[in-house]
Amino acid sequence: MRTVGKRKRFFAVLLLTLATSATLWATPVLSVMMSAEPDFGPENASAVLSVVSATAAETGAFRVVTAAEREAAIRELEFSLSDLAALRSNTVVTLTPGTYDLSNRNDVRQPHLSWNDHFDGFYPVITSVSNLTLRGEHDVKIVIHPRYGWIMEFQTGRDIRIENIRFVHTTPGFCLGGVLRFELCKNVSLQNIELEGSGTYGLELTRTNNVTVSGSTVRNCTYGIMECHDSRDILFLDSVFTNNGEFTLIEINHTSNINFIQCEMTDNWGDTLVSADTSSFSIVFTRCTFARNQVHTQFHDRERLRFEE
């Protein structure tokens with residue numbers, strides 16, 4: 001109870017520490033909720049909250065966050081504990097709108113999920129799953145902070161579908177770590193996704209067959225667009241590759257039957273736009289656009305490439 005003049009006004013301030021904040025912020029987070037009688041007034045309520053927030057911030061023991069930040073933290077926790085754990089066979093994982101941070105989530109364990117650390121932090125590796133769909137409802141972004149880790153890596157999987165998601169490295173690095181990597185996988189579908197800001201390549205396919213990438217974008221990667229090794233039967237349809245550098249942008253090694261249909265490759269830079277080694281064949285570009293690419297060599301071993309209208 002508190003007396004204001006001769007009238008009493010009741011209000012309660014509830015202070016909650018987010019239990020998950022250790023994985024999201026460097027200091028614990030104070031969440032403040034307040035209730036009051038209607039005639040207590042918004043100005044008095046705001047003053048109380050200001051005092052609580054200022055006191056918490058001055059102690060240095062808590063970080064005061066906005067309601068939006070708190071809701072985002074809760075969504076990230078939910079992704080960590082439920083959706084990561086659900087990455088298994090015969091499953092559809094649907095993400096609601098928001099940003100999901102996979103950094104420091106290596107406490108989540110299940111038989112198909114492990115974590116690698118190349119240098120500056122852990123990244124997820126999903127193994128031996130089949131018939132898995134990871135789908136965003138609208139405006140979904142998955143990020144990771146380690147510069148040298150893949151945002152997601154899949155090994156020995158089949159019938160994997162990823163749809164309507166933007167994958168982003170928060171800080172691009174070098175030498176190691178790209179956006180999505182598939183090894184020893186079969187029947188992979190990537191639809192309406194964005195691969196952005198990797199330390200190396202947006203996409204790597206190694207010993208992976210029957211891949212379709214449609215309506216997607218690879219941008220702002222620091223080594224190149226993609227690498228394909230020992231793979232076959234790959235289709236890129238209506239996709240855009242833009243603003244990537246700086247070495248061989250599309251590198252094809254011992255890989256066959258790659259088709260690019262109605263794709264755009266614009267504003268990239270580097271040594272070579274497309275390179276195919278002597279053991280690769282049946283690489284076809286159909287009605288594709290090449291514009292404003294600043295490269296020393298546009299097509300290495302051009303005789304291995306076919307261009308159709």
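**Notebook: contacts and strand pairing**

I began with Asn253 and, setting aside neighbours within four places in sequence, found contacts with Cys228, His229, Asp230, Asp277 and Ser280. I note that the structure is a predicted model.

I then placed Asn253 in strand 24, which covers residues 248–253. I asked whether Asn253 is buried or exposed. The relative accessible area is 19%, and the cut-off for buried is under 20%, so I recorded Asn253 as buried. I also looked up polar partners: the side chain of Asn253 makes a polar contact with the side chain of Glu251, at 3.3 Å.

I turned next to Thr242, which I located in strand 23, residues 240–242. Its relative accessible area is 15%, so Thr242 is likewise entered as buried. A polar atom of the Thr242 side chain lies 3.0 Å from the backbone oxygen of Thr266. Thr266 also appears in the contact list of Thr242, which, leaving aside neighbours within four places in sequence, includes Val218, Arg219, Asn220, Asp267 and Asn268 as well.

Finally, I examined the pairing around strand 12. Which strands does strand 12 (residues 152–155) pair with, and in what sense? Strand 9 (residues 122–127) runs parallel to strand 12, and 3 bridges join them. Within this pair, I identified Gln155 of strand 12 as the bridge partner of Thr127. Strand 15 (residues 180–183) also pairs with strand 12 in the parallel sense, here over 4 bridges. In strand 15, Glu183 stands opposite Gln155. I therefore entered Gln155 as a residue with a bridge partner in strand 9, Thr127, and one in strand 15, Glu183.

Note on methods
Residues are numbered from 1 along each chain as its sequence is written. This is a predicted model: local features need pLDDT of at least 70, side-chain atom pairs count only at pLDDT 80 or more; totals for chains, interfaces and linings use all residues. Side-chain values use heavy atoms; hydrogens and water are left out. Two strands pair if DSSP finds at least two bridges between them. Helices (H or I, at least four residues) and strands (E, at least two) are DSSP runs, numbered from the N terminus. Buried means under 20% relative accessible area, exposed over 50%, partly exposed in between (1.4 Å probe, protein chains only). A polar contact is a pair of N or O atoms within 3.5 Å; within protein, one must be able to donate a hydrogen and the other to accept it, and residues adjacent in sequence count only if both atoms are side-chain atoms. Contact means heavy atoms within 4.5 Å.
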